[in-house]
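Work through the exercises below with the model open beside you. Try each task before reading its solution.

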Amino acid sequence: MGKRSPQQQAHAISAYLAMGQDKAALGLVMSMSSQRRDKVLAKFPANISADLAERAENRQRSLEDRKRARMEKRRSKREAAIREATGSPRDAACSTHTLAELDPHLSKEDRQRVRELRNSMIFVTEVADRLGVSKYRVDQLDQSGELPHARKKYIRKEKGVWARVWLPSDVAEFSERAKPA
């Protein structure tokens, strides 16, 4: 379907209004650029064009307010999660937040410790080797919650994949607990 002329759009809006479909008419008005809207609404009597323009502006403002509220809610949730994650360097290292997001909330020493912890994290193959078990057994331990992974790390190979990583201290602690008495 090609572009409609202002005359055709005005006719479509009139048809919607005649059928009592105010929302459809308003939707059509809102989908136009402001310059186009002015041309189309000029074809209506002043009272109708002013009413439609005002309703379209109110609707647009309402949509923008809702979007702004959603974004603010997301931002505040994220900030709360970051504050919660920065309780200790270990918590921050295991969080899903990037270092750039965590940096303003960490001291210089904590920031360095978080980097060290994240760089020392090991993948499933290394965990299996340290425990002397198969990767399948490590998967089972992770799923059961006996040895949960610390976080997921994005790895770029042929295509990007998310890999689970563990803190070496968690693996050593589990190894000590799992040893027969």
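Two strands count as paired if DSSP finds at least two bridges between them. Keep in mind that this is a predicted model.

**Exercise 1. The sheet**

Task: Find the order of the three strands in the open sheet, and state the sense of their pairing.

Solution.
- Step 1. Take β1 and β3. Strand β3 covers residues 160-166, and two bridges join β1 to β3. That meets the cut-off of at least two bridges. The two strands run antiparallel.
- Step 2. Check one position. Phe 123 stands opposite Val 165 in β3.
- Step 3. Take β2 and β3. Six bridges link β2 with β3, again in the antiparallel sense. Here Lys 152 faces Arg 164, standing opposite it in β3.
- Step 4. Look at the connection. Three residues lie between β2 and β3, and the two strands form a hairpin.
- Step 5. Put the pairs together. The order is β1-β3-β2, and the pairing is antiparallel.
- Step 6. Find the edges. β1 (122-123) and β2 (151-156) each have a single partner strand, so one side of each has no neighbour in the sheet.

**Exercise 2. The largest nonpolar core**

Task: Say which residues touch the most other members of the largest nonpolar core, and which helices supply it.

Solution.
- Step 1. Start with the members. The core has 15 residues. Ile 13, Val 29, Val 40, Leu 41 and Phe 44 touch the most other members.
- Step 2. Assign the helices. At least two residues come from each of α1 (6-18), α2 (22-30), α3 (34-41) and α4 (46-85).
- Step 3. Pick out the main supplier. α2 gives five residues, the largest share.
- Step 4. Zoom in on Leu 41. Setting aside residues up to four places away in sequence, Leu 41 touches Val 29, Ser 49, Leu 52 and Ala 53.

**Exercise 3. The two sides of α7**

Task: Describe the span of α7, and explain why its buried residues line one face.

Solution.
- Step 1. Get the span. α7 runs over residues 108-120, 13 residues in total. From first C-alpha to last, the helix reaches 19 Å, close to the expected 18 Å.
- Step 2. List the buried residues. In α7 they are Val 114, Leu 117 and Arg 118.
- Step 3. Look down the axis. The buried residues of α7 fall within an arc of 95°, so they line one face of the helix.
- Step 4. Turn to the other side. There Lys 108, Glu 109 and Asn 119 are exposed.
- Step 5. Identify the cover. Among the elements over the buried residues of α7 are α5 (89-94), α6 (99-102) and β2.

**Exercise 4. Salt bridges**

Task: Examine three of the eight salt bridges in the whole structure. For each, place the partners and judge their exposure.

Solution.
- Step 1. Begin with Asp 65 and Arg 68. Their side chains meet in a salt bridge at 2.8 Å, N to O. The two are three residues apart in helix α4, about one helical turn. Asp 65 is partly exposed at 40% relative accessibility. Arg 68 is exposed, at 52%.
- Step 2. Move to Asp 103 and Arg 115. Their salt bridge spans 3.7 Å, N to O. Asp 103 lies in the loop between α6 and α7, and Arg 115 lies in helix α7, so the pair ties together parts that are 12 residues apart in sequence. Asp 103 is partly exposed at 21%. Arg 115 is partly exposed at 30%.
- Step 3. Widen the view. Asp 103, Arg 111 and Arg 115 are linked in a network of salt bridges.
- Step 4. Finish with Arg 130 and Glu 126. Their closest N and O atoms are 3.0 Å apart. Both partners lie in helix α8 (residues 124-131), four residues apart, about one turn of the helix. Arg 130 is partly exposed at 45%, and Glu 126 is partly exposed at 32%.

**Exercise 5. One acidic residue**

Task: Is Asp 142 buried or exposed, and what is it in contact with?

Solution.
- Step 1. Locate the residue. Asp 142 sits in helix α9 (residues 135-144).
- Step 2. Apply the cut-off. Buried means under 20% relative accessible area. Asp 142 has 11%, so Asp 142 is buried.
- Step 3. List the contacts. Leaving aside neighbours within four places in sequence, Asp 142 is in contact with Leu 147, Pro 148, His 149, Arg 164 and Trp 166.

Technical notes:
Residues numbered from 1 in each chain as written. Predicted model: local features only at pLDDT ≥ 70, side-chain atom pairs only at ≥ 80, totals over all residues. Heavy atoms only, no water. Core = buried A, V, L, I, M, F, W, Y, C linked by side-chain atoms within 4.5 Å. Buried < 20%, exposed > 50% of the residue type's maximum accessible area, 1.4 Å probe, protein only. Contact = heavy atoms within 4.5 Å. Expected span 1.5 Å × (residues − 1). Arc of directions from axis to C-beta. Salt bridge = Lys/Arg side-chain N within 4 Å of Asp/Glu carboxyl O.
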